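Here's a quick briefing to read with the model open beside you. Have a look at the fold before going through the bullets.

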Amino acid sequence: MARARTIAIDGPAASGKSTVALRVAKALGYLFLDTGVMYRAVTLAAQQEGIDTAAEAPVAALAGRLRIDVRPASKIDGRLCDVFLGGKDVTWAIRAAQVDAAVSQVSMYSGVRQAMTGLQREIGARGDVVMAGRDIGTVVLPDADLKVYLDASLEERARRRASELAARRQPADFAAILKGLEARDRLDSTRELAPLKPAADGVVLDTTRLTVEGAVAEVLRLAEGAPETSGQGSMDPSTTAPSLLPRGLSGSYDHGRMEARRNAYRWILRRMVFPLFVKIKRVDGLEHLPAQGPAILMINHIAFIDPVALLGVLPRNVVPMAKAEAYDIPVLGWMPRMWQVIPVRRGEVDREALRRALAVLAAGEVLIVAPEGTRSPALIQAREGIAYLAHRSSSPIVPVAIEGTEGFPAPWPAKAWRGAGAEIRLGTAFRFRPLGRTPDRAELRLMTDEAMYVLAEMLPAHRRGHYHDLGRATQHTLDCA
């Protein structure tokens, strides 16, 4: 069966619909549309034209003549999409405090909702979209390829909302939150205009006992229109694309649990491992690492310690990919196990490693990839896996140039390697241009080489190796805007 190209995700407050919809969209390379941004655009337009947002008739009339569009994010600055008002990018302007204060009232006006519903249907008709809201499957996109209604117990949703507020250091009174959600549910489900309810032909998914990753995995499985993969078939990602989430992964990969563990492990690295083994001379370009969402760190690989140094200095939790033999290194083999490093069997297309890597990206994590597949003082021709992962997940690639790690591991009891210390530099993130299909092997080869030339340009001449001739670099497949 063909993959669903229009996906509607509805549900009550704090059911996880926006989080799940965003991660599903990123995994599929689709537009994520939280319909709330359109009501924000109407609110902004009314304020710019001096219209009282408390007056329903003029606001509804304005909404009917506005040109509002939502497109995939064109910049890597934290935005989830581009929002245009009259052809002008207002992605960040709609987040202003004055818009926050008035948008709830504006979104309740029936005339505004009717106008926005029409625009949302136009966006849905383009396909490749995941739309989240409260009436998407029943009103906005009744003909969506896939309609999912996420639900959870009232107590679990209140717990989630309390955790979110606590994480932002805001008051989190569980009893008050529980009461507020109960009132919101009653209002949403009994309102005359587009009441909250599952679509008759939709799928109801109870997330009470599911992790975010488990919910994402289930929606992705439904989107593919087929049962979970058995793991059989071609191992070549250029001919057969693996299922995005392998069976059982949601049980073995818990984002929340691993985030807490890695925070503790990073503290151990900085306080105990680095003083003995690792010298960090300088780190530049951390602003190029996206603050949230998936990303692939593409590194040159000089020594075993390279990814370890990155794990200790980056502000986000990351998941490295490494050769399977790293688990068997004497003394240091505990580190890959501790960090849940994705083992890669070299010399073949490791389907399971690709599936796990895509699952990590679908969960909004950061992946470390050394495209050459082995350590080398100068770049050798990279393997195509990084291009496949970046294309399939629509994740940005952040090139990372590493220098000064030669000589590790040094024989015990030497303190750190004999060099002057590691220098780590993160470059500007880029993406591959969408193809609308799985690239063939030749296209993957071109994509990989073009990405590697970006990394090579950041390295000193003696490190560029196979990619030494920067004059041969092209950007036919890259979107570096």
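One open sheet has 7 strands in the order S9-S15-S14-S10-S13-S11-S12, with mixed pairing. This is a predicted model, where local features need pLDDT of at least 70, side-chain atom pairs count only at pLDDT 80 or more, and totals for chains, interfaces and linings use all residues. Residues are numbered from 1 along each chain as its sequence is written, and side-chain values use heavy atoms, with hydrogens and water left out.

A word on terms: helices (H or I, at least four residues) and strands (E, at least two) are DSSP runs numbered from the N terminus, and two strands pair if DSSP finds at least two bridges between them.

**The 7-strand sheet**
- Strand S9 (280–284) and strand S12 (342–344) sit at the edges with a single partner strand each, so one side of each has no neighbour in the sheet.
- Neighbouring strands here are turned by 20° against each other on average, direction ignored; axes are lines fitted to C-alpha atoms (for helices, over the stretch in contact), and angles run from 0 to 180 degrees between N-to-C directions.
- Strand S14 (residues 397–403) is largely enclosed by the rest of the structure, because 6 of its 7 residues are buried (under 20% relative accessible area; exposed is over 50%, partly exposed in between, with a 1.4 Å probe and protein chains only).
- S14 pairs in the parallel sense with strand S10 (residues 295–299) over 4 bridges, and Ile296 stands opposite Ile397.
- S14 also runs antiparallel to strand S15 (residues 422–426), joined by 4 bridges, with Val400 opposite Leu426.
- Strand S11 (residues 318–323) and S12 run parallel, joined by 3 bridges, and Ala322 faces Pro343 across the pair.

**Helices on that sheet**
- Helix H14 (residues 351–362) lies across S10, S11, S12 and strand S13 (366–369), running at about 150° to S12.
- Helix H16 (residues 441–458) packs on the sheet and touches S10, S14 and S15 (contact means heavy atoms within 4.5 Å); the direction of H16 makes about 40° with that of S14.

**The 5-strand sheet**
- A further open sheet has 5 strands, ordered S2-S6-S1-S7-S8, with parallel pairing.
- Strand S2 (31–34) and strand S8 (203–206) are at the edges, each with a single partner strand, so one side of each is left without a neighbour in the sheet.
- Strand S1 (residues 6–10) pairs with strand S6 (residues 129–133) in the parallel sense over 5 bridges, and Ile9 stands opposite Ala132.

**The H3/H5 pair**
- Helix H3 (residues 56–65) packs against helix H5 (residues 110–125) at an angle of about 10°, with axes 8 Å apart.
- H3 and H5 are therefore roughly parallel (angles under 35 degrees; over 145 is roughly antiparallel, 65 to 115 roughly perpendicular and the rest oblique).
- H3 contributes Glu56, Val59, Ala60, Ala63 and Gly64 to the contact, while H5 brings Ser110, Gly111, Val112, Ala115 and Met116.

**H9 and Arg3**
- The buried residues of helix H9 (residues 212–224) are Glu213, Gly214, Ala215, Val216, Val219, Leu220 and Ala223.
- Gly225, just after H9, takes a positive phi of about 70°.
- Arg3 lies in the segment before S1 and is partly exposed, with a relative accessible area of 28%.
- The C-alpha atoms of Arg3 and Gly225 are separated by 6.0 Å, although the two are 222 residues apart along the chain.
- Not counting residues up to four places away in sequence, Arg3 touches Leu28, Tyr30, Ala223, Glu224 and Arg392.

How values were computed. The expected span of a helix is 1.5 Å times one less than its number of residues.
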